[in-house]
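Please open the structure in your viewer and keep the sequence beside it. We will walk through it together, one region at a time.

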Amino acid sequence: MHKPAKARVRLSFERAAPTYDSAAAVQRRICDRLLAGLPDIRVDRLLDAGCGTGYAQSLLLARFPAAQALALDLSPAMLGRIVAPCCRLAGDLEHLPLVDASLDLYWSSLAVQWCELALALREARRTLKPGGRLALASLGPATFHELRHAFAGVDEYRHTLSFHSPDEIRQIALAAGFAAVDVQKSTEIAHYPDFKSLLKAVKAVGANQVGAGQRRSLMSRTAFARAEAAGETLRTPAGLPLTYDVITLYAQA
């Protein structure tokens, strides 16, 4: 399954750090929902893996005030925007800089879709204590289908990531050694007044520049107009939609 190079992912989020919070309303709703589904557990040490600008840190510290909080992200610029008290780690979810069995809670909201999921979940399992909990939100195949529709036939550039299905995520979690695996699917839809606003919002949260064959020059006006016209065919009374196919995973080590 295609994943972009880590250097490109890091650069995209480095650039998005100043704009991320202003454009991340959907991401915050997904984070809130992930926390609401987390059972009452004892947590002495937790990791927010792929923490971004740290929205979840405040939520997690409010829920587990006695816990030592670790915040890890590939982007130092994102880490620099965290205001909650925590230990900041610049690192890769596929190679966590943590010893075995050192966490009570591995938390990750909208980060593992940038990784090889099997590697990320094996690292999560390795670093969790026996009985430790995993709480994870990722994205499924219907995510940003509007972009694929708009650009179909316009260019050869890949405009979305490849995403795992809920069943695939369940099987990968089981193969990584997790038990009590609970996978749920839901949908979040953002709406924008026009196609340019939609694309600007995607860029503002770092979710652009994802595919092989990265474009080296600006799209022509003609090509953009074709994509814009295709996007307009999906318009609803609320505006142009952009779908997040949300998959949540809860499991126990």
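What follows is a short tour of the enclosed spaces, then one helix, then one residue in a strand.

Before we start, please keep in mind that this is a predicted model.

Let us begin with the empty space inside. How many cavities of 30 Å³ or more are there? The count comes to three, and the largest cavity holds about 630 Å³ of space. In total, 41 residues line the largest cavity, and the closest to its centre are Phe13, Tyr20, Leu110, Ala111 and Trp114. If you select those five, you will have found the middle of the space.

Which elements give two or more residues to this lining? They are the helices α1 (6-16), α3 (25-36) and α4 (55-63), together with β4 (103-109). Of these, α1 gives the most to the lining, with four residues. As for chemical character, the lining of the largest cavity has 24 nonpolar residues, alongside eleven polar and six charged ones.

Now move on to the second largest cavity, which has a volume of about 60 Å³. Around the second largest cavity you will find Glu146, Leu147, Ala150, Phe195, Leu198, Gly231, Leu234, Leu240 and Pro241. Two or more of its lining residues come from each of α7 (145-151), α9 (195-204) and β7 (240-252). The largest share, three residues, is that of α7. By class, this lining has seven nonpolar residues, one polar and one charged.

Next, come back to α4, one of the elements that line the largest cavity. Which of its residues are buried? In α4 the buried residues are Ala56, Gln57, Leu60 and Leu61. Looking down the axis of α4, you will see these buried residues fall within an arc of 130 degrees, so they line one face of the helix. The general rule helps here: an α-helix has 3.6 residues a turn, so residues three or four places apart point the same way. The cover over the buried residues of α4 includes α3, β1 (45-49), β2 (68-73) and β4.

Our last stop is serine 138, which sits in strand β5 (residues 128-139). Is serine 138 buried or exposed? Its relative accessibility is 5%, and because buried means under 20%, serine 138 counts as buried. Setting aside its neighbours within four places in sequence, serine 138 is in contact with Leu110, Val112, Gln113, Asp245, Val246 and Ile247. You have met Leu110 already, as one of the residues closest to the centre of the largest cavity.

Notes:
Residues are numbered from 1 along each chain as its sequence is written. This is a predicted model: local features need pLDDT of at least 70, side-chain atom pairs count only at pLDDT 80 or more; totals for chains, interfaces and linings use all residues. Side-chain values use heavy atoms; hydrogens and water are left out. On a 1 Å grid over the protein atoms alone, a cavity is a set of points where a 1.4 Å probe fits but cannot get out, and a pocket is an open set with protein on both sides within 12 Å along at least five of seven lines; lining residues have an atom within 4 Å of a point. Grid points are joined across faces, edges and corners, and a volume is the space filled by probe spheres set on the points. Ala, Val, Leu, Ile, Met, Phe, Trp, Tyr, Cys and Pro count as nonpolar, Asp, Glu, Lys and Arg as charged, and the others, Gly among them, as polar. Buried means under 20% relative accessible area, exposed over 50%, partly exposed in between (1.4 Å probe, protein chains only). Contact means heavy atoms within 4.5 Å. The arc is that of the directions from the helix axis to the C-beta atoms.
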